[in-house]
Amino acid sequence: MVTRRGPRVVVPDVVGLAFEDARLVAFSASVALAQPDADGPPVSALAWKKNLTVVGQEPAAGASVFEWDSVVVWFDDPEPSTSDNDDGQPSSSRGPVSCTPARPW
């Protein structure tokens, strides 16, 4: 049995965009923003209040993926976390965040 995944689309460049703009660009290109941690909260829950800026993505812009595949994005959070790590230094609040892909069906 052959599984059809849909047409291929080109990954847009969302690096340098604010979250809301990146989400709209990704949606227009028929891909979804995602984080590598499948158990983590969706990107919209993490980024919408701060409107963070995308600083990295995988796959890179111009890659070919199946329609509604995920594009992993990383954000630059200008507000560092107030919690301390083991060496007493403030821990970084930078990290991957994502969104569950919206399916058109």
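The following dialogue examines the fold and helix α1 of a predicted model.

In this predicted model, local features need pLDDT of at least 70 and side-chain atom pairs count only at pLDDT 80 or more, whereas totals for chains, interfaces and linings use all residues. Residues are numbered from 1 along each chain as its sequence is written, and side-chain values use heavy atoms, with hydrogens and water left out.

Student: In what pattern do the helices and strands follow one another along the sequence?
Tutor: Helices (H or I, at least four residues) and strands (E, at least two) are DSSP runs, numbered from the N terminus. The chain contains two helices and six strands. Read along the sequence, they give β-α-β-α-β-β-β-β.

Student: What percentage of the residues of the chain count as buried?
Tutor: Buried means under 20% relative accessible area, exposed over 50%, and partly exposed in between, with a 1.4 Å probe and protein chains only. The chain has 105 residues, and the share that counts as buried is 32%.

Student: Why do the buried residues of α1 lie on the same side of the helix?
Tutor: Helix α1 spans residues 19-28, and its residues Phe19, Ala22 and Ala26 are buried. The arc is that of the directions from the helix axis to the C-beta atoms. These residues share a side of α1 because they cover an arc of only 60 degrees around the axis.

Student: Which residues are exposed on the other side of α1?
Tutor: The buried residues of α1 are covered by elements including β2 (32-34), α2 (43-47), β3 (53-58) and β5 (70-76), where contact means heavy atoms within 4.5 Å. On the other side of α1, the exposed residues are Phe27 and Ser28.
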